[in-house]
Amino acid sequence: MKQHEHMPLLPIESGQGVWLTDFDGKRYLDGVSSWWVNLFGHNEPRIKSAISKQLDQLEHVMLAGFTHRPVVELSERLGKLTGLGHCFYASDGASATEIALKMSFHYWRNIGKPEKTQFLSLQNSYHGETIGALSVTDVPIFKDTYAPLLKSSMQMPTPDSRLAEQGADAQSVALRAAKELEDYVAQHHDRIAAFIVEPLVQCAAGMAMYHPVYLSRAREICNQYNIHLIADEIAVGFGRTGTLFACEQANIKPDFMCLSKGITAGYLPLSVTLTTDEIYQAFYDDSVARAFLHSHSYTGNALACSAALATLDIFEQDKVLENNRQTAQHLNQELAAWQGMPIAHLRNQGMIWAFDVSTNNPTFQRDFYREAISRGLLLRPIGNTVYFMPPYVIKSDEIDFMLQTTKEVLAICA
Ligand SMILES: Cc1ncc(COP(=O)(O)O)c(C=O)c1O
């Protein structure tokens with residue numbers, strides 16, 4: 001809050017498409033989709049109407065002993081789309097991570113392997129900030145203070161393509177990281193419950209992108225050594241990487257998939273952890289102790305589920321993935337003219353763009369944010385990495401504004 005003495009909070013009155021408007025009528029292009037949740041712009045009429053229809057019927061009922069139409073429909077649709085037939089709902093990403101970790105551990109216990117209690121994640125991983133999720137997160141600024149409260153976990157080398165040495169490519173970095181994963185797992189698999197990973201892009205690490213071969217190898221290694229693979233698609237799911245789910249690009253099915261953020265296109269809080277029949281069956285028993293006793297009050301909220309159904313409808317009606325490919329092509333053409341700028345590792349995956357800024361300015365992150373905001377552009381660099389993650393509905397002239405403003409701001413801050 002002290003920092004806000006120099007940079008007051010921005011009170012937003014309304015939103016329309018990619019634009020947010022404050023109480024003085026000033027507009028800001030939401031270049032980060034309000035922290036990666038808003039897929040189809042603000043004030044999307046079809047999602048509003050779906051929520052409002054649901055509001056006339058049922059706002060909420062607990063899912064303990066009850067069920068309702070939107071949650072059944074959503075589970076069936078997500079089951080078909082992911083190939084994972086069982087859904088466990090919560091309200092935010094961190095809870096979805098917690099559920100996957102607990103369920104993995106409990107599965108092994110139920111099948112007579114209680115010694116499998118360890119979790120692996122990647123270097124620089126981010127899976128949320130509740131105690132369990134933070135335990136598998138590897139971002140010091142979020143984690144260090146709370147270290148005494150956390151369960152220890154092991155971090156595997158990241159397949160981040162930026163680590164490619166001269167002459168090497170993204171695939172060789174990924175294969176090298178996978179080999180190191182395999183070496184570790186081969187020795188310690190008896191105690192490992194699961195490996196949790198952000199497929200294709202480690203977003204909070206600064207949009208670290210990597211080759212899909214890492215995921216295919218990780219799937220094979222987890223199969224071979226009998227550990228679960230948890231795909232945290234909270235940030236990358238719902239079209240962000242170019243396919244509906246990032247795992248599709250490696251042609252793999254994880255044992256758990258965590259979804260949130262874009263699931264309701266930014267309208268209401270909802271998350272889901274999907275899993276397989278095999279894992280579900282290990283809990284199906286007369287004994288309550290073998291059941292998965294985990295609950296949140298708003299689990300499977302009917303309004304949120306109706307927003308998620310409308311989101312899936314829009315993917316179909318508007319051919320979103322196809323249109324995004326065209327938007328990405330246009331943005332990439334524009335960025336091709338950025339040669340000579342003081343930036344490195346200009347990268348793109350689906351509807352995510354990022355580059356690293358070469359600068360000696362120790363307050364680059366803050367300065368960039370402030371200057372961009374003053375020009376009507378909302379971007380939040382992560383360290384010296386600037387990224388674009390706009391709503392999918394961004395139009396050509398809005399892309400031009402976003403890029404032109406970024407250039408101007410770089411000229412001042414870098
Ligand atoms: C990959 C990933 N996992 C988990 C989370 C946590 O989600 P939430 O902020 O909804 O708890 C995030 C949030 O940025 C994320 O990017």
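Me: What makes strands β2 and β3 count as paired?
Reply: Two strands pair if DSSP finds at least two bridges between them. Three bridges join β2 (residues 19–22) to β3 (residues 27–30), and the strands run antiparallel, so the definition is met. Strands here are DSSP runs of E with at least two residues, and helices are runs of H or I with at least four, numbered from the N terminus. One of the bridges puts T21 with R27 in β3. The model is predicted, so local features need pLDDT of at least 70 and side-chain atom pairs 80 or more, while totals for chains, interfaces and linings use all residues. Residues are numbered from 1 along each chain as its sequence is written, and side-chain values use heavy atoms, leaving out hydrogens and water.

Me: How do you know that β3 also pairs with β15?
Reply: β3 and β15 (residues 377–378) share two bridges in the parallel sense, and at least two are needed. D30 stands opposite L378 in β15.

Me: Why is S172 called partly exposed?
Reply: Buried means under 20% relative accessible area and exposed over 50%, with partly exposed in between (1.4 Å probe, protein chains only). S172 has 31% relative accessibility, so it counts as partly exposed. S172 belongs to helix α7 (residues 170–188).

Me: What makes the D232 pair with the ligand a polar contact?
Reply: A polar contact is a pair of N or O atoms within 3.5 Å; within protein, one must be able to donate a hydrogen and the other to accept it, and residues adjacent in sequence count only if both atoms are side-chain atoms. A polar side-chain atom of D232 lies 2.7 Å from a nitrogen atom of the ligand, so this pair qualifies.
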